[in-house]
Amino acid sequence: MTNTANCKYIKFFLIPLFLLACCLGGCRRQDPAAQISDVGFYFDTVVELRLNGTNDHALIDACFEKMAQYESLLSRTREGSDVWKINHSAGEPVEVSDDTAALIALAQKYYELSDGAFDITVAPYVTIWNFPDNPGEVPADASIAAARIHVGLSLLHLDGNTVTLDDPRASIDLGGIAKGYIADRLKEYLVGEGIESGYINLGGNMLTIGTKPGDVPWNIGIRRPFGEASDTITAVKVDDRSVVTSGTYERYFEKNGTIYHHILDPASGYPVWNGLASVTILSDSSAEGDALSTSCFVLGLTRGMELVESLDQVEALFITDDQELHFSSGFPKTSS
Ligand code: AMP
Ligand code: MG
């Protein structure tokens with residue numbers, strides 16, 4: 001091809017192609033005043049997406065589609081999911097997706113970091129307690145004791161994408177970490193699509209993208225334990241970070257004055273009763289925040305706070321049953 005022919009080629013094909021790609025990609029989102037949001041129901045909880053600077057609802061639809069896919073991969077109860085296959089593998093190796101393998105590897109990391117407080121093999125207990133569908137029946141001690149020998153992360157092996165549970169009656173539950181991991185993946189997708197401001201709220205697990213328009217930080221309310229959904233005990237200003245809370249009040253029943261809730265002590269099989277009502281973690285990664293909020297809840301105020309203080313870029317708020325607030329040293333407290 002001659003130089004002139006080259007020029008023509010560029011003019012007639014590449015420039016229009018570039019413009020088309022621009023319009024399909026970034027350009028359609030260059031509307032600073034635009035704002036869209038929508039709600040859905042995934043992972044047994046209400047999810048909400050807010051995107052600023054765009055009118056393109058296809059982005060939200062794509063996120064809902066991804067949530068549906070993650071749910072069919074990671075749900076413990078949905079037949080055919082990766083987790084379901086692992087839990088029904090009768091001791092045989094199971095091939096899982098990259099996402100499931102990545103999540104299990106993360107779960108192993110937080111098991112180590114939390115000294116066993118975060119343990120996805122608590123699933124036999126999770127099945128027995130059956131939150132949130134349990135109408136208020138405290139399981140028999142004997143059934144919890146019988147499950148205990150099938151719990152322990154040493155029963156689980158991950159080799160590449162192959163997962164093996166040594167004990168056919170062992171099982172895993174990713175409920176303590178999956179929403180955070182999924183929020184991170186959704187944020188990656190949206191940022192890749194040019195979104196610079198918004199948030200992903202998966203049942204109260206908040207992951208913010210950038211700041212609000214005008215460089216204003218997001219003000220995230222932290223729920224008053226056992227208060228109305230809109231009742232906040234404090235708030236925290238963040239940009240481009242995750243705010244995840246684990247609380248007894250999220251899934252529980254009350255019997256004879258005792259709150260039986262969904263955060264379980266891997267050592268005993270019973271709900272963790274340590275005077276805490278909730279733990280909120282601020283972090284860059286929402287998977288980290290999710291794993292740590294559950295871990296720190298199980299570890300309790302003293303050991304949980306020590307863990308948070310040992311980590312970079314992680315802050316926490318522990319709320320005790322008496323509604324006292326305990327902040328980590330670098331927590332950006334709201335002045336009142
Ligand atoms: P979260 O709300 O993130 O604290 O997660 C609580 C959920 O994680 C529960 O509903 C269980 O599905 C699961 N879970 C409960 N106890 C533990 C634990 N000790 N380690 C890991 N996952 C747990
Ligand atoms: Mg969690």
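**Salt bridges and a bent helix**

Visitor: What makes the pair Asp-240 and Lys-187 a salt bridge?
Guide: In this predicted model, the side chains of Asp-240 and Lys-187 meet at 2.8 Å, N to O. The cut-off is 4 Å between a Lys or Arg side-chain nitrogen and an Asp or Glu carboxyl oxygen, so the pair qualifies.

Visitor: How do you know that this pair links distant parts of the chain?
Guide: Asp-240 sits in the loop between β9 (232-238) and β10 (242-247), while Lys-187 belongs to helix α7. The two are 53 residues apart.

Visitor: Why is Lys-187 called buried or exposed?
Guide: Its relative accessibility is 13%, and buried means under 20%, so Lys-187 counts as buried. Asp-240 has 36%; that lies between 20% and 50%, so Asp-240 is called partly exposed.

Visitor: What makes Asp-173 and Arg-76 a salt bridge?
Guide: Here the N to O distance is 2.9 Å, which is within 4 Å, so the name fits. Asp-173 lies in the loop between β5 (162-165) and α7 (178-192), and Arg-76 in the loop between α2 (57-74) and α3 (82-87), 97 residues apart. Asp-173 is buried because its relative accessible area, 15%, is under 20%. Arg-76, at 24%, is over that limit but not over 50%, so Arg-76 is partly exposed.

Visitor: And why does the pair Glu-71 and Arg-78 count as a salt bridge?
Guide: The closest N and O atoms are 3.8 Å apart, and 3.8 Å is still within the 4 Å cut-off, so the pair counts. Glu-71 is buried at 16%, whereas Arg-78 is partly exposed at 38%. The structure holds seven salt bridges, these pairs among them.

Visitor: How do you know that helix α8 is not straight?
Guide: Helix α8 (residues 286-309) has 24 residues, and a straight helix would reach 34 Å at 1.5 Å a residue. The end C-alpha atoms of α8 are only 18 Å apart. There is also a bend of about 135 degrees in α8, at Gly-300.

Visitor: What makes α8 mostly covered?
Guide: Of its 24 residues, 19 are buried, which means that each of those has under 20% relative accessible area.

Visitor: Why is there a polar contact at the start of α8?
Guide: A side-chain oxygen of Ser-285 comes to within 3.2 Å of the backbone nitrogen of Ala-287. The limit for a polar contact is 3.5 Å, so this pair meets it.

Note on methods: Residues numbered from 1 in each chain as written. Chains lettered and ligands numbered in written order. Predicted model: local features only at pLDDT ≥ 70, side-chain atom pairs only at ≥ 80, totals over all residues. Heavy atoms only, no water. Helix = DSSP H or I, 4+ residues; strand = E, 2+ residues; numbered from the N terminus. Expected span 1.5 Å × (residues − 1). Bend = angle between axes of the 7 residues up to and from the residue. Buried < 20%, exposed > 50% of the residue type's maximum accessible area, 1.4 Å probe, protein only. Polar contact = N/O pair within 3.5 Å; in protein donor to acceptor, adjacent residues only side chain to side chain.
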